[in-house]
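Student: I would like to take a close look at a single part of this model, namely the region where consecutive strands pair with one another, and to see how it relates to its surroundings. Could you walk me through it in one connected account?

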Amino acid sequence: MVINFRPIRTDEVVRYFVIGDSLFVDDVGFDLSKVEEGDILPHAAISSKWFAGDVTRVGGEIELTLSLPNP
């Protein structure tokens, strides 16, 4: 999984954890295994404020951008 981070100004704290093609955000799991090569899962379809863009699979790897809290 290729994860890019976009810093945001906030005092909030978030925990990210990856197992295979699943991403856990503060203990809420997102199974991204159904995203096929070239597919795009739109940001609007993801029910988490911590995702900062679409999710796709390129070269067999899930690629996404997450917000990174910066106090």
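Tutor: Since this is a predicted model, what follows describes computed geometry. A suitable starting point is strand β2, residues 16–19, which runs antiparallel to β3 and is joined to it by four bridges. Within this pairing, Y16 has V25 of β3 as its bridge partner. The two strands make a hairpin with two residues between them, and in the turn G20 has a positive phi of about 60°.

On its other pairing, β3 meets strand β4, residues 28–31, again in the antiparallel sense and over four bridges. Here F24 finds its bridge partner in G29 of β4. This hairpin, too, has two residues between its strands, and D26 takes a positive phi near 50°.

From these hairpins one can move to the nonpolar core. The largest such core has 13 residues, and L23, V25, L32, F51, V55 and L64 are those with the most contacts inside it. At least two of its residues come from β3 (22–25), and at least two from β7 (61–70); the largest share, three residues, is supplied by β7. As a general background, nonpolar side chains in soluble globular proteins tend to be buried together. The surroundings of L32 show which parts of the chain meet here: beyond residues up to four places away in sequence, L32 touches M1, D21, L23, L41, V55, R57, I62 and L64.

The aromatic residues give a second view of the same region. There are three aromatic pairs in the structure. In one of them, F5 and Y16 have ring centres 6.1 Å apart and planes at 45°, so the pair counts as tilted. This pair links distant parts of the chain, with F5 in strand β1 (residues 2–9) and Y16 in strand β2, 11 residues apart. Both rings are partly accessible: F5 is partly exposed at 44% relative accessibility, and Y16 is partly exposed with a relative accessible area of 24%. Another pair, F30 with F51, is edge-to-face, with 5.1 Å from centre to centre and 70° between the planes. It also links distant parts of the chain, for F30 belongs to strand β4 while F51 sits in the loop between β5 (40–41) and β6 (55–58), 21 residues away. Because buried means a relative accessible area under 20%, F30 is buried at 13%, and F51 is buried at 2%.

Strand β7 deserves attention of its own, and two of its residues may be set side by side. S67 lies in this strand and is buried, its relative accessible area being 2%. Leaving aside neighbours within four places in sequence, S67 contacts R6, I8, Y16, K49, W50 and A52, and Y16 is also the residue that bridges to V25. E63, likewise placed in β7, is partly exposed at 28% relative accessibility. With the same kind of sequence neighbours left aside, E63 is in contact with V2, D54, V55, T56 and V58. Although E63 and I3 are 60 residues apart along the chain, their C-alpha atoms are separated by 6.0 Å.

How values were computed: Residues are numbered from 1 along each chain as its sequence is written. This is a predicted model: local features need pLDDT of at least 70, side-chain atom pairs count only at pLDDT 80 or more; totals for chains, interfaces and linings use all residues. Side-chain values use heavy atoms; hydrogens and water are left out. A nonpolar core is a set of buried Ala, Val, Leu, Ile, Met, Phe, Trp, Tyr and Cys residues joined through side-chain atoms within 4.5 Å. Buried means under 20% relative accessible area, exposed over 50%, partly exposed in between (1.4 Å probe, protein chains only). Contact means heavy atoms within 4.5 Å. Two strands pair if DSSP finds at least two bridges between them. Rings of Phe, Tyr and Trp (its six-membered ring) pair if their centres lie within 6.5 Å; planes under 30 degrees apart count as stacked, over 60 as edge-to-face and the rest as tilted.
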